[in-house]
Amino acid sequence: MKQVITGNTGPRIRSDIEVMLELTETGGIELNLKSKVKTMYGKAIERQCRDLLHYFGIENARLSMNDSGALPFVIAARIEAAVKALTGTEKCFIPEMAAENLYASSRDRFRFSRLYLPGNSPGMFLNAGLHSPDGVILDLEDSVAPERKDEARILVRNALRVVNFYGAERMIRINQGERGLDDLEMLIPHNVHLVLIPKCEDAETVRKVDNRIREIKAREGQNEMVFLMPIIESAAGVEHAMEIATAAKSVVAMAIGLEDYTADLGVQRTKEGKESLYARNRLVVASKAAGIQPIDSVFSDVGDMEGLLNNVLSAKAMGFEGMGCIHPRQIAVIREGFSPSPQELEKAKKIVIAYRDALEKGLGVVALGTKMIDPPVVARAEKTITLAVRLGLLPENWIDLEESKN
Amino acid sequence: MKLVENAAGRLVPDEINGKEAIPFMGVGKYRPSGRKYGPSIPTCIDYPEDNNKVVGSLKEALVRCGLKDGMTVSTHHHLRDGDLVSNQIFAIASELGVKDLVWLPSASFPCNDPVIQYLEDGTVNRIEGSMNGPLGMFVSEGRMKGMAVLRSHGGRVQAIQDGDVKIDIAVLAAPAADSFGNARGTGGPSPTGVIGYAKPDYLYAEKVIVVTDNLVNLPCFPMEIEGNYVDYVVVTDKIGIPEKIVSGTTQITKSPDRLLIAELTTSFLEKSGLLRDGATMQAGAGGTSLAIAVYVHQLLKKKGWKLSFGFGGSTKYMVDMLEEGHMGYILDAQAFDLDSVASIEKNLNHIAYPVFNAYNYHSKGNLTTMMDIMILGATEIDTGFNGNVVTHSDGLLLHGIGGWQNCLHARNVIVPVPLFRDRIPVIVDRVTTLCGPGELIDVIITERGIAINPRRQDLIDAVRGKGLPLVTIEELKDIAEKICGKPEKADFDDRVVAAIKWVDGTVIDAVRKVKR
């Protein structure tokens with residue numbers, strides 16, 4: 001192959017660049033740049049291209065570019081992908097890691113909302129973190145066309161180093177099988193916090209991913225744990241939920257993907273979701289038993305915020321602790337849905353205060369008004385309060401403030 | 001002609017199209033003298049006794065008005081992108097062999113691109129008004145014979161009133177008119193709601209032609225154009241394409257990033273205390289502004305507050321506020337959608353209010369200084385808070401000023417903008433073209449932080465410690481450059497292709513021909 005095209009262009013494409021690279025025998029580097037930002041950045045883009053080709057040892061080539069305002073990390077990824085496709089080089093051009101991208105994650109952080117970003121669409125990366133999702137998922141699987149998988153991986157690597165996700169947990173969704181393990185090779189060294197394993201059906205798959213990640217981390221001399229979130233998307237996966245949830249220490253959450261699950265069952269996915277009730281229940285129970293977070297499927301009608309909120313409330317009622325999002329506007333609704341409502345909070349406060357009073361008075365029985373309160377009710381109220389404090393809905397010293405009111 | 005440095009440090013021509021021009025002297029520094037301009041005194045002797053001024057065609061009307069070389073012809077832009085009248089004027093002039101006309105529209109739209117051929121064949125010497133798209137490109141490339149003059153809506157009124165421009169013939173499309181020339185913006189097949197932009201034209205033009213596709217019985221009431229100022233009435237099949245005059249419904253942005261900016265803006269209005277019961281507010285019809293209107297409406301509902309009035313460009317979202325009791329009145333210079341047009345017809349508190357009365361700086365006060373909250377856009381803002389709305393960073397002239405400069409005189413000017421568009425920073429070290437001085441721009445709201453003009457310590461104090469992402473304008477510029485890289489400046493030729501007027505008629509900046 002003498003000529004290759006990487007990247008995207010078109011009337012609706014923004015912040016990307018289509019690169020057409022052709023290796024030639026003589027004549028040096030011939031550049032042809034079409035760009036809407038040519039006046040401001042034309043020289044910078046040409047300089048960057050020449051430097052990159054030189055870095056990859058290419059002395060003779062024709063490089064045509066159709067630019068819609070791509071940032072340097074995108075241009076670099078597109079050119080590297082083109083060079084790799086033509087020469088098969090193992091060499092990588094790795095941009096400098098931005099200092100603000102070195103933050104860590106933790107096992108028990110909230111994962112209410114996680115925003116899917118199609119891995120080959122750089123226009124959506126840049127502002128994703130500004131919408132305050134709990135996590136961003138750079139997706140290499142279903143949202144990337146098969147013939148674009150290689151270039152997406154390079155783009156995602158550069159994004160992990162350059163793009164500021166403003167504190168969101170940095171997640172990637174890898175491909176299935178061998179390709180997925182290759183995804184890990186390229187991406188794990190760049191401060192990935194969590195890996196989503198798609199269409200997971202058994203513990204073995206989880207262990208394979210976990211082992212490979214630990215090998216890479218050891219090789220790189222990095223020691224943070226990379227968390228795993230298997231996605232259950234089939235009948236077999238549902239039946240093996242418990243063993244998947246406990247397959248590795250790094251599993252912190254388990255998600256369900258209902259589009260594929262209903263397809264596997266050969267039924268329609270409905271808004272009411274009767275067809276997936278068992279699977280969702282099973283996933284919640286297995287997750288809770290394993291001490292990890294159960295995460296619900298995405299809600300695909302991005303225009304229907306009321307439907308989304310109802311969906312979140314019913315998921316929360318089933319025991320789910322998060323949900324995927326495919327549009328930034330879904331994030332706030334999901335957070336609101338999973339947060340304790342004012343009524344819930346008031347009730348929880350009363351119960352916790354009554355429990356404390358009973359303890360102080362040495363009473364064996366806790367009562368609120370004329371109603372007896374069982375220990376599990378107290379435990380649930382305490383969970384609600386802890387959640388509210390962590391979400392900043394209640395100050396940590398709320399109980400002192402309550403008492404000073406009385 | 002020579003270039004002189006004005007008070008804003010910009011090099012501007014001291015002469016425009018053969019007439020002396022005054023360089024910008026600073027905000028509120030230039031004081032005009034003399035008397036307002038007036039057209040010749042007419043007499044009833046020259047008009048038909050039955051007052052039927054209908055003539056056979058626009059061509060006949062133009063000929064009877066004495067159309068000849070070098071004249072200035074004005075139009076209004078209420079037909080927006082559905083205007084079927086303006087281009088005809090120049091087609092007729094070209095056919096008659098008339099040369100070197102000056103076109104003075106209150107704004108131009110993509111539908112006016114055919115005028116380029118009349119600029120090329122010498123029928124039209126220049127445009128004094130807004131230039132968008134291909135027309136802007138035509139000017140930027142130095143292909144227009146005369147120098148373009150860009151004025152704000154209020155600046156256009158000022159220039160006509162003061163006699164800076166003298167209109168020989170005003171051709172005013174009207175959705176309804178009677179045979180005497182009384183005209184209004186409602187009714188007929190091409191309603192625009194209001195036609196207030198025509199006010200300085202009919203008052204000050206030497207000759208006035210009303211063009212309508214809806215001749216009604218006398219009196220055409222309530223009239224916005226008064227028949228005793230009108231020379232001829234032309235009845236035509238169609239003055240406009242309705243779906244291009246107003247939108248069915250103006251659409252709120254779907255961009256999550258723009259919605260984020262709108263939310264942040266609303267939060268700023270709340271936390272700063274600027275939004276309160278009885279406040280006055282104006283926002284445009286851009287997608288972000290509409291979203292702000294919706295969020296503000298929600299907040300007003302929650303608080304049980306009512307804005308005392310809003311100034312339009314009206315949209316469905318303002319009409320909703322009016323109808324639900326969260327806005328006392330809409331004062332309206334132009335209707336952007338069908339809901340607004342309908343509202344003007346039925347709601348007594350939705351009032352036609354021309355920019356003639358609202359925006360003119362050479363007036364005994366105007367409406368803009370009464371607005372508490374003013375939401376505006378910009379193509380560039382620099383670290384001195386100066387704003388540009390007419391060119392892009394590549395130097396091409398692509399937008400008109402609209403009412404932007406006039407609105408800068410509001411009490412609190414808030415500019416919600418993305419920090420960069422694709423790779424192009426909006427916050428820069430120096431605006432490509434200066435349209436508004438930084439001392440009048442108070443708050444810049446971007447998705448990556450809010451910068452308050454240091455001159456507004458009161459606003460800084462009001463919002464400090466309230467959880468808003470406050471940054472300095474320099475920080476915003478640095479963030480933009482860190483993400484996008486430092487942009488190079490556009491390369492210009494020496495030739496001035498357009499002059500940018502300030503609200504008082506002085507020259508605030510000049511646009512040069514781009515080098516290709």
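Two strands count as paired when DSSP finds at least two bridges between them. Keep that in mind for the sheets on this tour, and remember throughout that the model is predicted.

**Stop 1: a sheet in chain B**

Select residues 148–150 of chain B, which are strand 9, and then residues 492–501 of chain B, which are strand 29. How many bridges join strand 9 of chain B to strand 29 of chain B? Three, with the two strands running parallel. For one concrete pair, show Val149(B) and look across to strand 29 of chain B, where Ala499(B) is its bridge partner.

Now add residues 507–514 of chain B, which are strand 30. The result is an open sheet of three strands in chain B, ordered 9-29-30, with mixed pairing. Strands 9 and 30 of chain B are the edge strands, and each has a single partner strand, so one side of each has no neighbour in the sheet. Turn the view to follow the twist of this sheet, which averages 40° from one strand to the next.

Next, bring in helix 4 of chain B, residues 133–140. This helix packs on the sheet and touches strand 9, strand 29 and strand 30 of chain B. Its direction makes about 130° with that of strand 29 of chain B.

**Stop 2: another sheet in chain B**

Move to residues 380–382 of chain B, strand 20, and add strand 21 (387–388) and strand 25 (427–428) of chain B. These three make an open sheet with the order 21-20-25, and here the pairing is mixed. Which strands of chain B stand at the edges? Strand 21 and strand 25 do; each has a single partner strand, so one side of each lacks a neighbour in the sheet.

Look at the pairing of strand 20 with strand 21 of chain B: it is antiparallel and runs over two bridges. Put Glu380(B) on display and you will find Asn388(B), in strand 21 of chain B, standing opposite.

**Stop 3: a loop with cis prolines**

Still in chain B, go to the loop between strand 13 (207–212) and strand 14 (232–235), where Pro219(B) sits. The peptide bond joining Leu218(B) and Pro219(B) is cis, with omega about -5°. Pro222(B) also belongs to the loop between strand 13 and strand 14 of chain B. The bond between Phe221(B) and Pro222(B) is cis as well, again with omega about -5°.

**Stop 4: the domains of chain B**

Colour chain B by its domain assignment: domain 1 is 47–128 + 165–245, and domain 2 is 256–491. How far apart are the C-alpha centres of domain 1 and domain 2 of chain B? They lie 32 Å apart. Where the two meet, twelve residues of domain 1 of chain B are in contact with 14 residues of domain 2 of chain B. On the domain 1 side of that contact you will find five nonpolar, five polar and two charged residues.

**Stop 5: the domains of chain A**

Switch to chain A, whose assignment has domain 1 (3–87), domain 2 (99–338) and domain 3 (342–405). The C-alpha centres of domain 1 and domain 2 of chain A are 32 Å apart. Their contact draws twelve residues from domain 1 of chain A and ten residues from domain 2 of chain A. Select helix 2 of chain A (residues 72–87) to see the largest share of the domain 1 side, seven residues. By class, the domain 1 side of this contact has six nonpolar, two polar and four charged residues.

**Stop 6: a helix pair and a loop in chain A**

Pick helix 3 (residues 149–162) and helix 4 (residues 177–187) of chain A; their axes come within 10 Å and cross at roughly 30°. That angle makes helix 3 of chain A roughly parallel to helix 4 of chain A, and the crossing is right-handed. Show the side chains too: Lys149(A), Arg153(A), Val156(A), Arg157(A) and Leu160(A) of helix 3 meet Arg179(A), Asp183(A), Met186(A) and Leu187(A) of helix 4. The contact has four nonpolar, no polar and five charged residues.

Then centre on Ser132(A), in the loop between strand 5 (113–118) and strand 6 (135–139) of chain A. Ser132(A) is not a glycine, yet its phi is positive, about 55°.

**Last stop: where the chains meet**

Show both chains together: 19 residues of chain A are in contact with 17 residues of chain B. Which element of chain A gives the largest share of the side that touches chain B? Helix 1 of chain A (residues 38–55), with five residues. By class, the chain A side has eight nonpolar, seven polar and four charged residues.

Technical notes: Residues are numbered from 1 along each chain as its sequence is written. Chains are lettered from A and ligands numbered from 1 in the order in which they are written. This is a predicted model: local features need pLDDT of at least 70, side-chain atom pairs count only at pLDDT 80 or more; totals for chains, interfaces and linings use all residues. Two residues are in contact if their C-beta atoms, placed from the backbone, lie within 7 Å. Helices (H or I, at least four residues) and strands (E, at least two) are DSSP runs, numbered from the N terminus. Ala, Val, Leu, Ile, Met, Phe, Trp, Tyr, Cys and Pro count as nonpolar, Asp, Glu, Lys and Arg as charged, and the others, Gly among them, as polar. Domain bounds come from an automatic or database domain assignment. Axes are lines fitted to C-alpha atoms, for helices over the stretch in contact, and angles run from 0 to 180 degrees between N-to-C directions. Angles under 35 degrees count as roughly parallel, over 145 as roughly antiparallel, 65 to 115 as roughly perpendicular and the rest as oblique. A crossing is left-handed if the near helix is turned anticlockwise from the far one by less than a right angle, and right-handed if clockwise.
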